[in-house]
Structures are given as C-alpha cells and as structure tokens.
Amino acid sequence: MLVCPKLIILGLCLLTTSCGGDCPVECKCVPLDRGALRVDCSFRDLNSLPSFPKETAELLLQGNQITTVPAGAFDNLVNLKKLNLSSNPLHCDCTIRYLMMWISDGDVEIDDGIRCASPLSLYGERVSQLAGSQIASCSRHPRLCSDFLFNDAFLHILIILLLFLMICCLAAFKKIKFQIKVSDHSVDHKWYRYTRARFLRRRSYTYWKDE
Ligand SMILES: *[C@@H]1O[C@H](CO)[C@@H](O)[C@H](O)[C@H]1NC(C)=O
C-alpha cells in the first residue's frame with residue numbers, strides 16, 4: 001500500500017522534472033558540501049539545455065553544441081556559483097540578450113570562453129563584453145504575404161462579420177422598438193374611440209330616460 005504514494009510522486013517527478021536533486025540523464029552529478037551539486041554535462045554533444053536541479057552550484061557545459069540559451073534557462077539556479085559554457089557554438093542574435101543580462105546581473109563565476117561563434121561579424125567576441133548595440137534587434141522578420149492571408153486576413157474577416165452582425169442586431173432592435181411604439185399608439189387610439197363611443201351612448205341613454 002505504501003508503494004502507491006511513491007509511484008504517484010515518481011509520476012509527478014517525471015511529469016514536471018522539477019523534483020529537487022534530479023540529475024539530467026545526460027549529465028553526471030557530484031554532491032558537494034551542504035547539499036550542493038556539481039552538474040557535469042561537459043563534452044556530451046548537447047545541442048539544447050536539459051533542466052538542472054535547483055541545488056546546482058557548479059554547472060559544466062563546456063564542449064557541447066549549444067547555440068542558444070533560452071530566456072529564463074538559469075533563473076531557477078539560485079545556488080549557482082560557477083558556470084562553464086566555453087567551447088559552445090553560441091549564436092549571438094537577439095536571443096543572446098538573456099545570457100548577457102544573466103552574466104552581468106549575477107555574481108556567478110563564469111569562464112572567459114563564453115564566446116560567440118556566429119554571426120560572422122561577432123565571431124570570437126566574449127558574450128560578457130558584448131554591447132547591446134552589437135546585437136541584432138529582436139523585432140520580427142518581415143512577414144510573408146501568406147502569413148497575412150492565413151492569419152490576419154482571417155481575423156479581419158471575423159471582425160468585419162462581427163461588426164456587420166452588431167449593426168444588423170441594432171437595426172432589428174430599432175425596428176422592434178418602433179413597432180411597439182406604433183402599436184402602443186394604435187391601442188391608445190382604439191381605446192379612446194371605444195370609451196368615447198360608450199360615453200356618448202350612455203349620455204344618449206340618460207337623455208332618453210329623462211324624457
Ligand atoms: C572551462 O572549460 C574549458 C574547456 O574544458 C577549460 O579549458 C576551462 O579551464 C574551464 N574553466 C574553468 C573556470 O574551469
């Protein structure tokens with residue numbers, strides 16, 4: 001019976017991969033003092049970053065094929081003291097901004113060898129020394145006509161249809177209001193004629209009785 005909760009926890013761990021102390025399968029984790037970990041993922045031909053345990057104090061990523069560090073990749077590593085990312089073919093387009101900021105913000109000891117491999121104009125530049133102006137802007141590429149046709153045109157048509165429907169509804173509503181008013185009026189009129197006829201009839205009746 002005790003197996004069940006353990007299985008559930010294991011399942012949750014597999015789903016979230018955020019359970020403390022889980023070593024990425026590609027890496028080797030060595031415990032340091034006070035629960036800290038050295039996570040050694042060096043020279044593994046990795047081309048993307050696995051998720052690291054939050055106890056990671058030293059992260060060795062040198063000698064891989066990592067081209068980008070996605071925004072937020074190191075945010076949960078609050079105990080990180082050392083990072084080695086040298087000998088990775090980093091592509092220094094606008095996505096490198098996260099790493100630049102992360103390096104300049106934190107007090108993590110980083111290796112000098114974190115350098116751009118591409119684009120050609122930035123080859124060999126240290127990421128820690130890059131200026132914002134050297135990095136291509138993050139604005140989107142000019143979009144293709146087909147993008148417009150399949151995404152925006154559809155939206156625009158939808159909006160126009162909605163507006164058209166709204167106008168139709170408003171017009172219909174106005175018409176109904178007008179009809180109610182007109183019929184109210186004709187009811188009033190009929191009622192007036194009816195009561196007046198009754199009054200006249202009664203008056204002639206009393207005259208007739210008096211005579
Ligand atoms: C980082 O890794 C490179 C390549 O293995 C190595 O030459 C360098 O000494 C390492 N840096 C540190 C600070 O350990």
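Me: Is the disulfide of C23 and C29 right-handed or left-handed?

Reply: Quick ground rules: this is a predicted model, where local features need pLDDT (the predictor's confidence in each residue, from 0 to 100) of at least 70, side-chain atom pairs count only at pLDDT 80 or more, and totals for chains, interfaces and linings use all residues. Numbering runs from 1 along each chain as its sequence is written, and side-chain values use heavy atoms, with hydrogens and water left out. C23 and C29 are joined S to S at 2.0 Å, which makes a disulfide because that term means a pair of cysteine sulfur atoms within 2.5 Å. The torsion about their S-S bond is about 90°, so the disulfide is right-handed.

Me: And C29, is that buried, exposed or partly exposed?

Reply: Buried means under 20% relative accessible area, exposed over 50%, and partly exposed in between (1.4 Å probe, protein chains only). C29 has 23% relative accessibility, so it counts as partly exposed.

Me: How many residues apart are C27 and C41?

Reply: Their sulfur atoms sit 2.1 Å apart in a disulfide, and both cysteines are buried. The torsion about the S-S bond is about 100°, so this one is right-handed. C27 lies in the loop between helix 1 and strand 1 and C41 in the loop between strand 2 and strand 3 (helices are DSSP runs of H or I, at least four residues, and strands of E, at least two, numbered from the N terminus), so the link joins distant parts of the chain, 14 residues apart.

Me: What is the torsion about the S-S bond of C92 and C116?

Reply: The sulfur atoms of C92 and C116 are 2.0 Å apart in a disulfide. C92 is in the loop between strand 5 and helix 2, C116 in strand 7, 24 residues apart. C92 counts as buried at 2% relative accessibility, and C116 is buried at 2% too. This disulfide is left-handed because its torsion is about -95°.

Me: Which cysteine sulfur is nearest to that of C168?

Reply: C168 counts as partly exposed because its relative accessibility is 36%. C168 is in no disulfide, and the nearest cysteine sulfur, 7.1 Å away, is that of C169.

Me: What is the average pLDDT of the protein chain?

Reply: Residues 9-20 stay under 50, so treat that stretch as low on the predictor's 0 to 100 confidence scale. Across the chain, 71% of the residues score at least 70. The chain average is 81.

Note on methods:
Contact means heavy atoms within 4.5 Å.
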